[in-house]
Amino acid sequence: MTEPTFDAIFDDLIDVNEELQSFLRILDGLLPEASLLLVSEAGVLLDGSRSLAFAQPLREKLVQEARAADGFVVGKTENNVRCHAVYLAKLSAVLIISCAAAPDDAWGPGSALATLLQNTIDLAMHRQEREMLVADHEQSVRQINILQQQHGKLIEDNYRQYRLNQDREKEYARKLESEIAKQTAELREANVRLEEISRLKSDFLANMSHELRTPMNAIIGFSELLSETPLAEDQLDYTRTIAQSAASLLSLINDILDLAKIEAGKLELEHLPFDLAEVIGNVAAMFKIPAREKGVVFTCKIDSNVPKRNMGDSNRLRQVLINLVGNAMKFTEQGGIDIEVAYEREAAGRIVSRFSVRDSGIGIPADRVGAIFEKFTQADGSTTRKYGGTGLGLAICLQLVELMGGRLAVESEVGKGSTFYFVIPLEEAPAEIISLQEHKVIGRDKAAHGGRILLVEDNAVNQRLASILITREGYEVEVASDGAEALEHLRHQPFDLVLMDVQMPNMDGMEATRRIRKIEADPAQKQSYVGLRALTQPLGIVGLTAHARKEDETACYEAGMNGFLTKPIVKAKLSMILSERMPQVSCKETEDPS
Amino acid sequence: MPSAKDLLRKFTELKTLPHVAIKVTQMVNDDRSTMQDFEEIIKLDPVLVTRLLRLVNSPYFGLSQKVESISKAVVFAGMKQLRNLVAVEALRGMFKGDDVDFSAQKLWLHSATVAILAGMIAKRIFGKDGEDVFLAGIIHDIGLIVENQLVPEKLREACKAFREGKGTLIECERNAIGTDHAEVGYLLTKEWGMPQEVLSAIKSHHQGKQVKSVSSASSILLLAEFMAGKMQYWPIVGPIEGLPPELTAHVKERVADYKIIIRDLPDEMAKAKELYESDE
């Protein structure tokens, strides 16, 4: 396609002579003295403001001459006025000019007049071109203005964008904040729920332990009694097996309960004076026989710098040591097991001591050391099959040692043995407490038997077991199956001591105890109770409960009891508490019925 | 006879402006849209990304550093230029096909010429932002594409009648089809959410009698349409409608300006080709 031209496009609307006319206008203005005539290529005549009169033939001749010539040619107008013609190639037109002021001889080629005229014509033509240049320039200016506007708008846009983004960020931050707040609230709620669940779980465990301990009470008690009856060899063997299994089941139940208590943060250590050597001695005594049977040398050593009597929870310390020594015993076939208590340093008035249990057993692979402290885990699965155990022991020990302010650790080498150790601060017990304890211990030994005991217990099996145990200790026993019945008994008979089960239907042990104490405090009522009116001191009431928790014990004392015994009833403990609590009747020996 | 709306309903089912183009058009009209929003849309279309980067890196922008990120390119191009880029890209694919009576390819060349001329007139003569009239130019004959897709026989019938001098193209279309491409184009672009000025220009690009203002988008489109027609950038053979007197007078007044525009058009077309033309 050829490049389009303005004329081709706007042919309909454009006067072809427009350009010539504008040229003529400009030239007219430049030459105010001259008369002008422009003849276009098509022969169209264009007059200046002062016209020139021509006869057609004359004019045509002149035009032809001018087209052929280079420069000006001379001619005459109608009125015989001299004129000059020149061909303007750029406009394809002939210009005829007449100027009265100019002499004829001044038109020759190269003459000043001719040059001046030529320059004037050029000027007029340039003026016309200049119009285009101006238009071009103006277009450029407009375009530059647009670009400037666009630039300004771009900046404005960007600023607006910046503000928008800021707003969005703020909005986002706000949303984030509220989202976090919402989630925090949800988590808090979930936490509360979990704590509630955890509390329910430990309650459940406590209840379960009660439910489990009650039949265990019967099994242990009766197998103990059964083994004391005349039995054939194999019967005796069976009975012992029952007793042993029951004992290990009870210890497992205790372990689970301990763990539950620790996890619920409910295990509290006692803070009572104890004899360290006695604790170690007890542990040693337990393992002396099995060690001898296995052919393992068992030794104990206590540093003399470690205080003899200390404050703390001797039962828990013993539990940890029994566990560690039990493990050592289980995994050691030859060599020796040592318990050692060593003085480490003194800090803040405490003697920091290191307890270690060393064995020459199978050892623990390095990669399993971490795992053995986990619940229900042993060094590897085969260990469980070969050596048994629940894998709870070390987990409990770990926690107990932590409660005592130390850390349980192990150094071990496979095939050479292991050393479990922990370092805890020991607090030396004050002297006066020691003497009291000793006094009591001495007093107990001298106690004589005799007296009436009221057993309040709802479970028939336990009624029988406890009755038998009490009778064997040399006391008379009366049985009531709940609190209300117990009050009835007290109304009619005197008793030296009440063994009161805590959990019972109708009226539980706590309520019964509170009522008894109330009656004792009211002289009028007290008179109508045979079992109470003669007493100068409050009646001794010992609580019996399968709940071994500290708070259960506290609750018993708060209700007004002055003793506490956990079930299953262990003969030794019962006998101790009875001799402590019962009035001492000298020189009265009771026949042992068995 | 189907109405323009009937045609459109069918056309929308058949083919529609790509999602990207519609989305970008809407975002340009929305003050709350940000460059990031544009970036999110543009980056889904690799062809657009290439073209956009080529656009901002062209001498036209004269940037001293090469722009390689979409977000920067969006910022430099500006929203309207971006919208036009997207529109060209989206429409190009619709202008396909070529035969004696109606050539969609020639129509595309016509549309591009009208768009460029319109942009030049707006900027150079009226000192206005040329992006909207450019869009109007590129899209003003979309109605013909719709008719070509849905009633090709009737469109050819109208073209033939027009060629034989049986009336204006609009009249011939109305006789043969029952509607005309200006109406169809107007309704379609309205659906696409084009700016009001663009819509009225499309609607009136064959109605020379209703010139209200010489500098309006409609007038500019009429002028550009007339000039492109005279330059033979017109796919339908037949008499070219004359300019309304207001516009003739305007051209007479600004002869020098129009001469320059016509002089510079080939350069501008080459530039546009570089920016918008496909690589196919």
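**Exercise 1. Contacts of A:D338**

Which side chain does a polar contact of 2.3 Å join to that of A:D338? Place A:D338 in its secondary structure element and describe its surroundings in this predicted model.

*Solution.*
Step 1. A:D338 belongs to strand 9 of chain A, which covers residues 336-347.
Step 2. The partner sought is A:R358: its side chain and that of A:D338 are joined by a polar contact of 2.3 Å.
Step 3. A further polar contact, of 2.7 Å, links the side chain of A:D338 to the side chain of A:T299.
Step 4. When neighbours within four places in sequence are set aside, A:D338 is in contact with A:T299, A:S356, A:V357 and A:R358. Two residues of this list, A:T299 and A:R358, are thus the polar partners already named.

**Exercise 2. The antiparallel sheet of chain A**

Determine the strand order of the open antiparallel sheet of chain A, and explain why strand 2 and strand 3 are left without a neighbour on one side.

*Solution.*
Step 1. The sheet is open and holds 5 strands, arranged in the order 2-1-5-4-3 with antiparallel pairing.
Step 2. Strand 2 (45-47) and strand 3 (73-76) of chain A stand at the edges; each has a single partner strand, and therefore one side of each has no neighbour in the sheet.
Step 3. From one strand to the next, the twist averages 25 degrees.
Step 4. Within the sheet, strand 1 (residues 35-39) and strand 5 (residues 93-98) of chain A run antiparallel and are joined by 5 bridges. A:V39 stands opposite A:V94 of strand 5 of chain A.

**Exercise 3. Helices across the sheet**

Identify the strands of chain A across which helix 2 and helix 3 lie.

*Solution.*
Step 1. Helix 2 of chain A, residues 18-30, lies across strand 1, strand 2, strand 4 (82-88) and strand 5 of chain A. Its direction is at about 165 degrees to strand 1 of chain A.
Step 2. Helix 3 of chain A, residues 56-68, lies across strand 1, strand 2, strand 3, strand 4 and strand 5 of chain A. Helix 3 runs at about 175 degrees to strand 3 of chain A.

**Exercise 4. The interface of chain A and chain B**

How many residues of chain A are in contact with chain B, and which element of chain A gives the most to that side?

*Solution.*
Step 1. The contact involves 29 residues of chain A and 40 residues of chain B.
Step 2. About 3000 Å² is buried between the two chains, with carbon and sulfur atoms giving 61% of this area.
Step 3. Between chain A and chain B there are 6 residue pairs in polar contact, counting pairs with both residues at pLDDT 80 or more.
Step 4. On the side of chain A that touches chain B, helix 1 (6-9) and helix 4 (112-227) of chain A are the elements that give two or more residues. Helix 4 of chain A gives the most, with 17 residues.
Step 5. By type, the residues on this side of chain A are 13 nonpolar, 7 polar and 9 charged.

**Exercise 5. Salt bridges**

Give a salt bridge between chain A and chain B and one within helix 4 of chain A.

*Solution.*
Step 1. Side chains of opposite charge can pair when their charged atoms come close.
Step 2. Over all chains, the count is 31 salt bridges; between chain A and chain B it is 2.
Step 3. One salt bridge between the chains brings together the side chains of B:D37 and A:R168, at 3.2 Å from N to O.
Step 4. Within chain A, A:R193 forms a salt bridge with A:E189, with 3.7 Å between the closest N and O atoms. Both residues lie in helix 4 of chain A, 4 residues apart, about one turn of the helix.

**Exercise 6. Strand 8 and its partners**

Trace the pairing of strand 8 of chain A with strand 6 and strand 12.

*Solution.*
Step 1. Strand 6 (residues 272-275) and strand 8 (residues 309-312) of chain A pair antiparallel over 4 bridges. Here A:F274 stands opposite A:N310 of strand 8.
Step 2. Strand 8 also pairs antiparallel with strand 12 (residues 417-428) of chain A, over 2 bridges. In this pairing A:N310 stands opposite A:E428 of strand 12.

**Exercise 7. The parallel sheet**

State the order of the strands in the open parallel sheet of chain A, and name the edge strands.

*Solution.*
Step 1. The 5 strands follow the order 14-13-15-16-17.
Step 2. Strand 14 (476-480) and strand 17 (563-566) of chain A are the edge strands, each pairing on one side only.
Step 3. Strand 13 (residues 452-456) and strand 14 of chain A pair in the parallel sense over 5 bridges, and A:V456 has A:A480 of strand 14 as its bridge partner.
Step 4. Helix 17 of chain A (residues 571-581) lies across strand 13, strand 15 (497-501), strand 16 (540-545) and strand 17 of chain A, at about 170 degrees to strand 17.

Note on methods: Residues are numbered from 1 along each chain as its sequence is written. Chains are lettered from A and ligands numbered from 1 in the order in which they are written. This is a predicted model: local features need pLDDT of at least 70, side-chain atom pairs count only at pLDDT 80 or more; totals for chains, interfaces and linings use all residues. Side-chain values use heavy atoms; hydrogens and water are left out. Two strands pair if DSSP finds at least two bridges between them. Axes are lines fitted to C-alpha atoms, for helices over the stretch in contact, and angles run from 0 to 180 degrees between N-to-C directions. Contact means heavy atoms within 4.5 Å. Buried area is the accessible area (1.4 Å probe) that two parts lose on being put together, summed over both. A salt bridge is a side-chain nitrogen of Lys or Arg within 4 Å of a carboxyl oxygen of Asp or Glu. A polar contact is a pair of N or O atoms within 3.5 Å; within protein, one must be able to donate a hydrogen and the other to accept it, and residues adjacent in sequence count only if both atoms are side-chain atoms. Ala, Val, Leu, Ile, Met, Phe, Trp, Tyr, Cys and Pro count as nonpolar, Asp, Glu, Lys and Arg as charged, and the others, Gly among them, as polar.
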